[in-house]
Amino acid sequence: MRVTVNVRGGWETVSDTAVGVNHAIWDTELGSNQTADLLKDAGARLMRYPGGSYSDIYHWRDHTAPGGYVAPNTDFATFMAGVRRAGAQAIVTANYGTGTAQEAADWVRHANVEQDYAVKLWEIGNENYGNGHYGSPWEADDHADKSPAEYARHVVEYSRAMKAVDPSIKIGAVLTTPGEWPDGITAAGDAGPWNQVVLDIAGDDIDFVILHFYAGGGSAAEALARVDRMPVAIDLLHRQVREQVGRDLGVAVTEINMTQGMNTQPGALFAADVYAALIARGVFTVDWWNVRNGIGTIGEYAGQTDYGDWGLLSSGNCTADGATCQPALNTPFAPYYALGMVSRFARPGDQFVRAGASDPAVKAHAARRADGGLAVMLLNEDPAAAKQVSLSYAGYTPAASAQVLRYGNGDTAISTGTGTASSVTLPPYSITTLVLRPSAALSGPAAPGRPAASAITDRSATLTWPAAAGSGLKYEIHRQHGTVTEQWGETTGTTFTVGNLTPGTTYTANVIARDGSGRVSWASPPVLFSTVTPTTSTCAVAYNDDNDWGNGFVAGVDVVNTGTAPMDGWTLTFDWPTTWQQFGSGWNANWSQTGGTVKVTNVDWNRLIAPGASVNVGFVGNYQGPNPEPPRFTVNGMLCTTR
């Protein structure tokens with residue numbers, strides 16, 4: 001099989017808080033030196049406190065959590081001592097459920113004014129959509145009004161009170177993860193779903209948004225496959241934020257884990273894949289849930305005992321009947337080593353670049369380094385078969401030899417060896433990273449800044465970017481298409497209009513600077529933009545998601561004859577943007593789906609659509625991930641205007 005790496009296809013740069021973990025105040029070892037040293041060795045550079053839903057019952061001043069258990073040696077000062085020993089930063093969750101804005105502001109004063117802890121990242125509450133407003137109450141919330149509007153109003157109050165103490169801090173608000181319950185649901189009395197309402201009210205007063213993701217599924221393979229949902233979810237979220245807030249906001253995924261084999265190699269493969277996928281999309285921190293959790297349901301995956309423990313490190317405890325015990329306290333589980341592989345693969349300041357594999361059982365990620373090196377992380381998700389991989393590189397010529405880092409099924413350490421840049425064997429259920437050097441010394445101009453897209457039509461768009469440092473530069477404009485980049489053109493200026501685009505299509509583009517000696521820069525950060533549908537056509541379609549319940553929805557579709565002649569018989573077609581969306585049942589037409597294409601034909605009574613008239617049809621759709629709208633509709637083969 002083949003892996004292709006294309007350094008001309010640039011993604012985002014790794015932040016200094018990218019690899020993170022959760023601490024919890026029920027864990028006595030939270031602030032121990034051994035814990036801090038283990039997390040430092042794994043590359044954890046952000047630590048979250050005081051621990052999930054406990055955040056909404058925790059009162060920092062007297063270190064209490066009414067209704068919950070607070071372990072000894074878990075107070076804020078102890079936590080911060082561990083953070084500092086590990087060389088990490090902190091993210092703190094202020095109590096929204098049973099606290100006040102004043103309590104949160106006092107915590108900021110204590111942390112940053114009195115103690116000089118310099119805690120910059122503050123969340124307002126944890127999973128507050130779980131307060132019963134949508135029917136499932138697990139999150140404490142003493143507010144009589146449990147709506148997203150009430151939460152958002154308090155976020156504004158909290159943010160202003162906390163920033164009055166320290167204007168340099170960053171405030172985050174809780175959102176629902178696109179495609180994960182209760183995303184998309186509009187409860188009675190609300191103006192829209194949770195994210196829409198929170199962004200409309202609090203968008204001007206926050207700096208980042210917070211998502212959580214727990215990959216379920218009936219098997220480890222199903223859970224691993226769900227990583228593919230997250231880049232789509234992040235892209236959808238960014239689009240919604242820009243539309244509603246008018247600017248970009250940071251994204252933090254402050255809890256992440258899976259439900260199958262979380263202590264064994266499936267958990268490690270999931271961690272490595274999802275951290276890389278999210279960091280490549282610009283998520284500034286991904287935080288594993290959690291450091292220690294305790295024994296749960298016992299299972300076995302690929303010959304290894306799984307303790308049903310959400311933690312990275314063993315708690316050293318046993319099942320209630322004493323039949324099964326975990327290994328000794330602080331023994332690392334497989335995901336711990338996966339975080340170590342991620343932190344060694346993609347370091348702060350590195351830039352992710354395009355990589356892909358011809359075998360769906362292999363996941364490929366690549367990152368270009370400031371010193372000219374390149375790292376390629378390969379995950380073999382096949383539990384039984386090894387994979388022989390041939391590698392090719394576009395825009396980069398590596399030296400023949402490579403350093404090889406590996407973590408395999410059942411291993412108790414990350415191994416380091418040597419290999420070649422052109423081929424590698426991936427053992428079953430393994431994580432392998434090749435660290436490469438260029439074949440010759442690299443030098444070139446600095447990368448241009450991120451392009452912006454404007455004047456977007458159905459067929460064209462204008463890209464503009466900040467100039468790279470230097471003189472006599474030319475700029476190459478590249479479109480990413482899988483692992484291939486297509487050069488749209490070049491210019492000596494800092495603006496370029498690209499034509500001959502496809503309507504209703506999302507494009508990813510980068511700009512590369514080239515000097516007079518032919519030396520090229522890194523790729524700029526990417527710009528994502530979508531062309532619109534034609535403004536004039538003989539048909540128009542209005543698509544409306546009228547009712548959503550988290551994994552299904554009812555949609556109405558209006559087919560409009562905008563031409564001058566009657567439409568005597570019609571066929572509407574559209575394609576789903578993802579593989580997990582599906583038509584269920586429909587009305588007012590004949591409905592069918594083949595592959596990812598939905599076909600809708602008239603019935604006798606709505607066969608004729610006069611000029612200016614319309615027909616309404618509807619259907620029930622199902623989805624198991626983010627639910628983006630179809631981007632294009634055709635009627636009788638004609639691309640329609642989307643309204």
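A disulfide is a pair of cysteine sulfur atoms within 2.5 Å. The exercises below concern a predicted model, in which local features need pLDDT of at least 70 and side-chain atom pairs count only at pLDDT 80 or more, while totals for chains, interfaces and linings use all residues. Residues are numbered from 1 along each chain as its sequence is written, and side-chain values use heavy atoms, with hydrogens and water left out.

**Exercise 1. Disulfides**

Task: Determine how many disulfides the structure holds, and describe each of them.

Solution:
1. The structure holds two disulfides. With bonded cysteines counted along the chain, their pattern is 1-2, 3-4.
2. One disulfide joins Cys 318 to Cys 325, with an S to S distance of 1.9 Å. The torsion about this S-S bond is about 100°, so the disulfide of Cys 318 and Cys 325 is right-handed.
3. For accessibility, buried means under 20% relative accessible area, exposed over 50%, and partly exposed in between (1.4 Å probe, protein chains only). Cys 318 is partly exposed at 33%, and Cys 325 is partly exposed at 36%.
4. A disulfide also joins Cys 539 to Cys 640, with an S to S distance of 2.0 Å. The link of Cys 539 and Cys 640 has -95° about the S-S bond and is left-handed.
5. Helices (H or I, at least four residues) and strands (E, at least two) are DSSP runs, numbered from the N terminus. Cys 539 lies in strand β27 (residues 539-548) and Cys 640 in the loop between β37 (638-639) and β38 (641-642); the pair links distant parts of the chain, 101 residues apart.
6. Cys 539 is buried at 1% relative accessible area, and Cys 640 is buried at 0%.

**Exercise 2. An aromatic pair**

Task: Classify the aromatic pair of Tyr 49 and Phe 79, and state why it ties together separate parts of the sequence.

Solution:
1. Rings of Phe, Tyr and Trp (its six-membered ring) pair if their centres lie within 6.5 Å; planes under 30 degrees apart count as stacked, over 60 as edge-to-face and the rest as tilted. By this rule the count comes to 45 aromatic pairs.
2. Tyr 49 and Phe 79 are 4.4 Å apart, centre to centre, with 25° between the planes, and the pair is stacked.
3. Tyr 49 lies in strand β3 (residues 46-49) and Phe 79 in helix α2 (residues 76-85), so the pair ties together parts that are 30 residues apart in sequence.
4. Tyr 49 is buried, with a relative accessible area of 0%; Phe 79 is also buried, at 2%.

**Exercise 3. Strand pairing**

Task: Describe how strand β26 pairs with β25, and which side chains of β26 are buried.

Solution:
1. Two strands pair if DSSP finds at least two bridges between them. Strand β25 (residues 506-514) and β26 pair in the antiparallel sense over four bridges.
2. Phe 529 in β26 is the bridge partner of Tyr 507.
3. In a regular strand the side chains alternate between the two faces of the sheet. Along β26 (residues 527-530), Val 527 and Phe 529 point to one face and are buried, whereas Leu 528 and Ser 530 point to the other and are not.

**Exercise 4. A loop residue**

Task: Locate Asp 205 and identify which residues it touches.

Solution:
1. Asp 205 is in the loop between α5 (194-202) and β7 (208-215).
2. At 13% relative accessibility, Asp 205 is buried.
3. Contact means heavy atoms within 4.5 Å. Not counting residues up to four places away in sequence, Asp 205 touches Val 156, Ser 159, Arg 160, Lys 163, Ile 171 and Arg 247.
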